[in-house]
Amino acid sequence: MPDQFTQLREVVIIGDGEAAKRLTAEMLEVGVAPREILEAALLPGMDVVGARMRSGECFIPEVLLSARTMQGALELLKPHLAEGESAGLGTVVIGTVEGDLHDIGKNLVAMMLEGAGFGVVNLGTSVTPERFVAAVKEHRPVILGMSALLTTTLPKMRETIGALREAGLRDSVKVMAGGAPVTLSYAEELGADGYSANAAMAVETAKGLIRKA
Ligand code: B1M
């Protein structure tokens, strides 16, 4: 019988949310440190999922299941983690740009970032440039992430970066852009600091951006 860490890692990989919650609760009950559960079981599980996603061995539905499984376990861990402890890498403010209601991919990115150790403030969908700016003022994130799925809403990314500049906040935060119609060259052209094509890459991009900061 594999130990509980291995079991929990495996159920994250296969996306069994009920088993992940049960195992996490059992481990907490017998006094395993929340940080250890996170670092020795949940994160390694998501690392495997991220690698499989990149290599094309698993696809969005499986990734969503694993991300939700991770999220469910994280909800149980959160009250036990000291303030800020689970957000060791800093805060990311993320949202889908104004006029755009697509949020599945953005939420997946948010979950993966949270699973990787960032604190995430998820502003939801149809976020105006003004709301992004207000959130940067309030939360002082290390990264502002914008998602867009519609070609018609892409210009809102540029507007948001302009609004950050006008508010004198552009140099205080790294900007990351993503979403199906966004390309690396588009992201560079609009003045973003980082781009990623999918949620697994988003974690690597975000970690790279904070190393550069
Ligand atoms: Co709509 N939709 N949709 N839609 N929809 C698309 C995007 C579309 C390509 C379908 C099509 O025509 N083939 C098309 C856009 C065409 C275009 O602009 N070129 C389209 C359209 C036209 C529309 C409407 C206008 C339809 C209408 O009403 N006539 C309308 C617009 C509503 C609005 O936003 N104002 C609309 C509505 C909807 C639903 C509400 C029904 C639903 C959204 C539900 C929801 O999100 N809660 C929906 C859906 C589901 C889709 C498709 C089918 C799937 C999108 C999705 O969730 N993909 C989509 C077609 C498609 O993409 N195949 C389509 C799965 C998701 C995991 O991937 O979002 O790409 P994705 O996220 C990836 C990466 O892009 C990246 O990582 C994610 C995970 O790997 N990523 C980031 C995303 N954000 C990131 C941020 C980052 C980094 C990476 O850093 C910050």
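Q: What makes the pair between a nitrogen atom of the ligand and Gly99 a polar contact?
A: The nitrogen atom lies 3.0 Å from a polar backbone atom of Gly99. A polar contact is a pair of N or O atoms within 3.5 Å (within protein, one must be able to donate a hydrogen and the other to accept it, and residues adjacent in sequence count only if both atoms are side-chain atoms), so this pair qualifies.
The model is predicted: local features need pLDDT of at least 70, side-chain atom pairs need 80 or more, and totals for chains, interfaces and linings use all residues. Numbering starts from 1 along each chain as its sequence is written, and side-chain values use heavy atoms, leaving out hydrogens and water.

Q: Which distances make polar contacts of Leu101 and Thr151 with the ligand?
A: For Leu101, a polar backbone atom is 2.6 Å from an oxygen atom of the ligand. For Thr151, a backbone N or O atom is 2.9 Å from an oxygen atom of the ligand.

Q: How do you know which residue is a donor of the cobalt atom?
A: Donors are N, O and S atoms within 2.8 Å of the metal (3.2 Å for Na, K and Ca). His102 (NE2) is at 2.2 Å, so it counts, and it is the only protein donor. Water is not among the atoms, so the site may look incomplete. His102 sits in the loop between β1 and α5 (104–115).

Q: What makes a residue part of the ligand's surroundings, and how many are there?
A: One of its heavy atoms must lie within 4 Å of the ligand. Here 26 residues surround the ligand, and Leu101, His102, Asp103, Ser147 and Thr151 are the closest. The largest share, 4 residues, comes from α5.

Q: Why are β1 and β2 called paired strands?
A: Two strands pair if DSSP finds at least two bridges between them. Strands β1 (residues 91–96) and β2 have 4 bridges, so they pair, and they run parallel. Val92 has Val120 of β2 as its bridge partner.

Q: What makes β2 and β5 edge strands?
A: The sheet is open, with 5 strands in the order β2-β1-β3-β4-β5 and parallel pairing. Strands β2 (119–122) and β5 (194–196) each pair on one side only.

Technical notes: Helices (H or I, at least four residues) and strands (E, at least two) are DSSP runs, numbered from the N terminus.
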